[in-house]
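Visitor: I should like to understand how the terms used for a protein structure are justified. May we take them one at a time?

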Amino acid sequence: MTFRRKVIPVRFIRSLRGATAVEFALVAPIFLIMVLGCIDVSRALWIKATMQHAVEQTARYAVVNTGASTSDLETFATAEIAAAGFSDAGVTFTASTDTTGGVQFVTVSASYPFSVGVGLIPLSDMTLLAMSRVPLE
């Protein structure tokens with residue numbers, strides 16, 4: 001009994017059919033993670049800038065309206081961030097006044113628990129912070 005050895009034709013070895021599909025399967029997940037990561041970073045920067053703007057506007061409001069209470073300032077800040085198009089209830093505003101060196105300051109701060117949207121990479125949530133401190137006098 002003799003075994004015949006199968007000979008693979010040279011045309012199958014040199015064939016490039018399917019090479020594009022294999023390359024796409026290797027590159028596509030990495031590309032998609034990069035694109036989604038860019039979107040998440042952009043979203044985090046937008047939220048941070050929106051919070052910073054709301055905090056600065058609230059600090060300006062406190063300078064003009066010196067009789068405003070801290071709850072008035074927090075309500076104003078919430079309205080400012082809603083006016084910017086960010087209506088997530090996760091933003092927490094705090095306002096306080098303190099005296100340093102004989103000058104009274106108002107400090108308005110905001111925090112937001114930001115969760116990363118790309119579920120393919122396990123990243124922990126981060127807290128975005130914004131703060132503005134201005135003298136009242």
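Visitor: Why is Arg 133 called partly exposed?

Guide: In this predicted model, Arg 133 has a relative accessible area of 39%. Buried means under 20% and exposed means over 50%, with partly exposed in between, so Arg 133 at 39% is partly exposed.

Visitor: What makes the contact of Asp 98 with Arg 133 a salt bridge?

Guide: The closest N and O atoms of Asp 98 and Arg 133 are 2.9 Å apart. The cut-off is 4 Å between a side-chain nitrogen of Lys or Arg and a carboxyl oxygen of Asp or Glu, therefore this pair qualifies as a salt bridge. The pair links distant parts of the chain, with Asp 98 in strand β1 and Arg 133 in strand β3 (residues 126-135), 35 residues apart. Asp 98 is partly exposed, because its relative accessible area is 26%.

Visitor: How many salt bridges does the structure hold?

Guide: The structure holds 2 salt bridges. One of them joins the side chains of Asp 40 and Arg 43, at 3.5 Å from N to O. This value is also within 4 Å, so the term applies.

Visitor: How far apart along helix α2 are Asp 40 and Arg 43?

Guide: Asp 40 and Arg 43 are 3 residues apart in helix α2, which means that about one helical turn separates them.

Visitor: Are Asp 40 and Arg 43 buried or partly exposed?

Guide: Asp 40 has a relative accessible area of 9%; this is under 20%, so Asp 40 is buried. Arg 43 has 32% relative accessibility, which lies between the two cut-offs, so Arg 43 counts as partly exposed. Other buried residues of α2 include Ala 44, Ile 47 and Met 51.

Visitor: How do you know that the reach of α2 is close to the expected one?

Guide: Helix α2 has 46 residues and reaches 67 Å from its first C-alpha to its last. The span expected at 1.5 Å a residue is 68 Å, and the two values are close. There is nevertheless a kink of about 35 degrees at Val 27 in α2, shortly before the proline Pro 29.

Visitor: What makes Leu 32 eligible for a nonpolar surface patch?

Guide: Leu 32 lies in helix α2 (residues 19-64) and is partly exposed, with a relative accessible area of 48%. A patch residue needs over 30%, so Leu 32 passes that cut-off. The patch also includes Val 22, Phe 31 and Ile 39, and its members together have about 750 Å² of accessible area.

Visitor: Why are strands β1 and β2 said to pair?

Guide: Strand β1 (residues 92-100) and strand β2 (residues 103-114) are joined over 9 bridges, in the antiparallel sense. Pairing requires at least two bridges, so the term is justified. Thr 100 stands opposite Val 103 in β2. The hairpin has 2 residues between the strands, and Gly 101 takes a positive phi near 65 degrees there.

Visitor: Why is Gly 117 called exposed?

Guide: Gly 117 has 54% relative accessibility. This is over 50%, so Gly 117 counts as exposed. Gly 117 is placed in the loop between β2 and β3. Gly 117 and Gly 37 are 80 residues apart in sequence, with 8.2 Å from C-alpha to C-alpha.

Terms used. Residues numbered from 1 in each chain as written. Predicted model: local features only at pLDDT ≥ 70, side-chain atom pairs only at ≥ 80, totals over all residues. Heavy atoms only, no water. Patch = residues over 30% accessible without salt bridge, like charges linked within 9 Å, V, L, I, M, F, W, Y side chains within 5 Å. Areas by Shrake-Rupley, 256 points an atom, 1.4 Å probe, with all protein chains shown as cover. Helix = DSSP H or I, 4+ residues; strand = E, 2+ residues; numbered from the N terminus. Buried < 20%, exposed > 50% of the residue type's maximum accessible area, 1.4 Å probe, protein only. Expected span 1.5 Å × (residues − 1). Bend = angle between axes of the 7 residues up to and from the residue.
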